[in-house]
Amino acid sequence: WVNLALHHAFSGRRGCCGWTLLSICRPMPALERYDVAIVGAGVAGASLAVCLARDGRRVLCLERDLRQPDRIVGELLQPGGYQQLCDLGLAEAVDNIDSQKVFGYGIFLDQKQACIDYSEAAAQEAPTGRSFHNGRFVRRLREIAAQQPRLNLVEANVIELSLEDGVVDGVKYKDSKGILHTAYADLTVACDGCFSRLRKDVSPALEYSVTSQFVGLVLEGIALPFPEHGHVVLCDIAPVLFYPISSTEVRCLVDVPSTVDLGSIPGGLTGYLTKQVAPQLPPAFLEPFLLAVGSGKIKTMPNRVMPARPMTLRGAILLGDAFNMRHPLTGGGMTVALSDVNILRRLIREIDNLRDHEKVSTALSSFYESRRALSGTINVLANALYSVFCATKEKSLIEMRSACFDYLARGGRCSNDPISMLGGLRPRPNL
């Protein structure tokens, strides 16, 4: 089977968002047949592709653009997520990308501040998360994928699923030259992200809502009040996040609720950031924040919430943001995705023939049940905290936000339980 080789010296082309993998492709076989076809080579897709190939499956992984991504989310991996990455044998993906250890969170409200560490919630070795440039992390996962002899990583645009008698038997895609191909697979996994093209076909019942948008900036020359920690500033009317993504850079994410009409604000988005957000920031953040806004290097990303639903189309499943999304305030998306990869891998490892749809269906039922504890804990906490942290001018909401801060600042179980759930360390929705 064709293997997409990696040119380690990166002597090939450079994309607009960074280095790309350089393909060394032999002609494709007339009939492409795989055990598993994976659509999307992001965090979930690339991780699953590597694991299944190492398990002996013949894997095809199709990615629309193999250049290094340039995103403002998927940059903070909670301790539970990092443990999932290690369990999958992919810990090397955070090596050599200037990733940073994260030990907890600093929280700010008005003139008050508190620091909560993951270690306080752990009985054994102190857990740590990792933060990094999302694009560098995804690039490393793809590099690892390209090295697997049973994995074919291809830059291609998937058009639609291939069906026979109502069962998915692969995908139809166009290669870089616009030539249409059909790749047949016993199982097709759609990991094509929050803007998934295949979601409506695999699980029509899935519906999402857009609660807000993140405005992303990169700050330089800033000394964080709590080094090696994420920072949450509880502003009116929504929180602002800061966390290191390299040894010299700090990511800032400003949440802008969907109720905010930026068109009615003088100066638009820039005016909102400088006139409404900046005055509420602690002094340590103010100057670097204004410099970042002034640079004009601003990116936005819609924040979607989508509960998971069991798939109804045989032969195909969804994974990652194509399957389940929660508000990204708590940075739980990659933890849930990697946990799902771990569970799915374990369950289908026992199935010799993935065309046995009855066994696959049984495995998927177990998958939905097994994922519920961790995904439910992270999803409920993320959406609940976002609702509490978004205080409007209503007195009751402002008081609730203040009470939440005071509760977390007390320490003990008041902070240990929430941060252990947020960090993916204690998947217990009823805690």
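Q: Which residue in β16 does Val232 stand opposite?
A: Val232 faces Leu241 in β16. Please keep in mind, as you look around, that this is a predicted model.

Q: What makes β15 and β16 a pair of strands, and in which sense do they run?
A: Two strands count as paired when at least two bridges are found between them. Strand β15 and strand β16 (residues 240-244) are linked by three bridges, in the antiparallel sense, so they meet that cut-off. Another facing position is that of His231, which stands opposite Phe242 in β16. The two strands also form a hairpin, with six residues between them.

Q: How do you know that β7 pairs with β15 too, and in which direction?
A: The cut-off is again at least two bridges. Strand β7 (residues 104-109) and β15 are joined by four bridges, so they count as a pair, and they run parallel. Here Gly106 has His231 in β15 as its bridge partner.

Q: Which residues of β15 point one way, which point the other way, and are they buried or exposed?
A: In strand β15 (residues 230-233), Gly230 and Val232 point one way, while His231 and Val233 point the other way. All of them are buried, a word that stands for under 20% relative accessible area.

Q: Why do β8 and β18 count as standing at the edges of their sheet?
A: The open sheet has seven strands in the order β8-β7-β15-β16-β17-β14-β18, with mixed pairing. Both β8 (112-117) and β18 (299-305) have a single partner strand, so each has one side without a neighbour in the sheet. On average, and ignoring direction, neighbouring strands are turned by 20° against each other.

Q: Which helix lies across β14, β16, β17 and β18, and which helix touches β7, β14, β15, β16 and β17?
A: Helix α5 (residues 268-277) lies across β14 (209-220), β16, β17 (249-257) and β18, and runs at about 100° to β17. Helix α6 (residues 283-295) packs on the sheet against β7, β14, β15, β16 and β17, with a direction at about 100° to that of β14.

Q: What is the strand order in the open sheet of three strands?
A: The order is β5-β9-β6, with antiparallel pairing. Strands β5 (76-77) and β6 (100-102) are the edges: each has a single partner strand, so one side of each has no neighbour in the sheet.

Q: How do you know that β6 pairs with β9?
A: Three bridges join β6 to strand β9 (residues 129-131) in the antiparallel sense, and at least two are needed, so the pair qualifies. One of the residues involved is Gln100, whose bridge partner in β9 is Ser131.

Q: Which residues meet where α8 and α10 come together?
A: Thr377, Ile378, Leu381 and Leu385 in α8 meet Pro418, Met421 and Leu422 in α10. By type, these residues are six nonpolar, one polar and no charged. The axes of α8 (residues 357-389) and α10 (residues 413-422) come within 9 Å and cross at roughly 115°.

Q: Why is Leu385 called buried?
A: Its relative accessible area is 15%, and buried means under 20%, so Leu385 fits the word. Setting aside neighbours within four places in sequence, Leu385 is in contact with Leu329, Thr330, Cys404 and Leu422.

Q: Which residues touch the most other members of the largest nonpolar core?
A: They are Ile38, Phe137, Leu151 and Val189, in a core of 110 residues. Helix α8 supplies the largest share, 10 residues. Apart from this core lies another, of 27 residues, among them Val233, Val250, Val256 and Leu262.

Q: How many disulfides does the structure hold?
A: Zero. Cys115 is in none, and the nearest cysteine sulfur, in Cys404, is 16 Å away. For Cys390, the closest cysteine sulfur is that of Cys235, at 11 Å, too far for a bond. A disulfide needs the two sulfur atoms within 2.5 Å, so neither cysteine qualifies.

Q: What makes Cys115 partly exposed and Cys390 buried?
A: Cys115 has 33% relative accessibility, which falls between the 20% and 50% limits, so partly exposed is the right term. Cys390 has 13%, which is under 20%, so Cys390 counts as buried.

Notes. Residues are numbered from 1 along each chain as its sequence is written. This is a predicted model: local features need pLDDT of at least 70, side-chain atom pairs count only at pLDDT 80 or more; totals for chains, interfaces and linings use all residues. Side-chain values use heavy atoms; hydrogens and water are left out. Axes are lines fitted to C-alpha atoms, for helices over the stretch in contact, and angles run from 0 to 180 degrees between N-to-C directions. Contact means heavy atoms within 4.5 Å. Ala, Val, Leu, Ile, Met, Phe, Trp, Tyr, Cys and Pro count as nonpolar, Asp, Glu, Lys and Arg as charged, and the others, Gly among them, as polar. A nonpolar core is a set of buried Ala, Val, Leu, Ile, Met, Phe, Trp, Tyr and Cys residues joined through side-chain atoms within 4.5 Å. Buried means under 20% relative accessible area, exposed over 50%, partly exposed in between (1.4 Å probe, protein chains only).
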